[in-house]
Amino acid sequence: GSVFISHFDFIMDDDEKIFRKEDARKQAFKKGVDAEESRRKREDETLKVRKSKRDDQLMKRRKDVEPPQMQVPGYGVPGGMELSQGQVQQQVSSPVVSRMDATMQSKLQMLPQWTAMVLSDDPVRLLEGTTQFRKILSIERSPPIQQVIDCGVVPKLVSFLYDHSRPKLQFEAAWAVTNIASGTPEQTRIVIDQQAVPILVQLLMSPSEEVR
């Protein structure tokens, strides 16, 4: 009887060891998943903070150069023909939207030229191309984030973030990269995969006020 019990105990010990190893493996895997999830949350939060700061700066600049509001004849003018807000919106918005679409199309045609600038070795062309990408990515109405990504310039823009000798280029690149990251989750992932988050965090402490 004792031999049987001893053998049974031996089997139980092996099962216990296997169970403990499996449990330890699951715990290690869970820790790895949790750490990855925490890292992604930190990266997403960093990008949100950066985007918010850039939006505040853009809003301030727009207020500084905001043109006077468009005046519509006959609207709100004593003695003039009163139009409803909907009628005014319809009369004003349609041509404005058409002009905006035409302007956007012309800018999209410039993407290859701006790409060539960003990929050149000329410092002046580098800055000009990066600035143009930043401007087109900063428009409020449907910025062409995917079209810019498809140009293949994201790695180059991220590399400019490390160029501390040219703070103006850093500033334009950081703004452009942050705007790209504000797109869809897939577009945000492209920025993260280029290791842009750590350097963006560092730039928050840049000696250049404009870069910060």
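This text goes through two helix contacts, one partly buried helix and two loop residues in a predicted model.

Helix α4, which covers residues 123-137, takes part in both contacts described here, and the first is with helix α3, residues 111-118. The two helices pack at an angle of about 135°, and their axes are 7 Å apart. Angles over 145 degrees would count as roughly antiparallel, and 65 to 115 as roughly perpendicular; α3 is therefore oblique to α4. The crossing of α3 past α4 is left-handed. On the α3 side, the residues involved are Leu111, Trp114, Thr115, Ala116, Met117 and Val118. They meet Arg125, Leu126, Glu128, Gly129, Thr130, Gln132, Phe133 and Ile136 of α4. By residue class, this contact consists of eight nonpolar, four polar and two charged residues.

The second contact joins α4 to helix α7, residues 167-181. Here the packing angle is about 30° and the axes lie 9 Å apart. This crossing, too, is left-handed. From α4, the contact draws on Leu126, Leu127, Thr130, Thr131, Arg134 and Leu137. From α7, the contributors are Lys168, Leu169, Glu172, Ala173, Trp175, Ala176, Asn179 and Ile180. The residues of the contact between α4 and α7 divide into eight nonpolar, three polar and three charged. Leu126 and Thr130 of α4 appear in the contact with α3 and also in the contact with α7.

Further along the chain is helix α9, which spans residues 196-203. Its buried residues are Ala196, Val197, Ile199, Leu200 and Leu203. Viewed down the axis of α9, these buried residues fall within an arc of 165°, so they line one face of the helix. The general background is that an α-helix has 3.6 residues a turn, so residues three or four places apart point the same way. Within α9, Ala196, Ile199 and Leu203 are among the buried residues that can be checked against this spacing.

Two loop residues stand out by their backbone angles. Most residues other than glycine have a negative phi. Ser142 is not a glycine, yet has a positive phi of about 50°. Ser142 sits in the loop between α4 and α5, the latter being residues 145-150. With a relative accessibility of 61%, Ser142 counts as exposed, the cut-off being over 50%. Gln195 is the other case: its phi is positive, near 60°, in a residue other than glycine. Gln195 belongs to the loop between α8, residues 185-193, and α9.

Methods:
Residues are numbered from 1 along each chain as its sequence is written. This is a predicted model: local features need pLDDT of at least 70, side-chain atom pairs count only at pLDDT 80 or more; totals for chains, interfaces and linings use all residues. Side-chain values use heavy atoms; hydrogens and water are left out. Buried means under 20% relative accessible area, exposed over 50%, partly exposed in between (1.4 Å probe, protein chains only). Helices (H or I, at least four residues) and strands (E, at least two) are DSSP runs, numbered from the N terminus. The arc is that of the directions from the helix axis to the C-beta atoms. Axes are lines fitted to C-alpha atoms, for helices over the stretch in contact, and angles run from 0 to 180 degrees between N-to-C directions. Angles under 35 degrees count as roughly parallel, over 145 as roughly antiparallel, 65 to 115 as roughly perpendicular and the rest as oblique. A crossing is left-handed if the near helix is turned anticlockwise from the far one by less than a right angle, and right-handed if clockwise. Contact means heavy atoms within 4.5 Å. Ala, Val, Leu, Ile, Met, Phe, Trp, Tyr, Cys and Pro count as nonpolar, Asp, Glu, Lys and Arg as charged, and the others, Gly among them, as polar.
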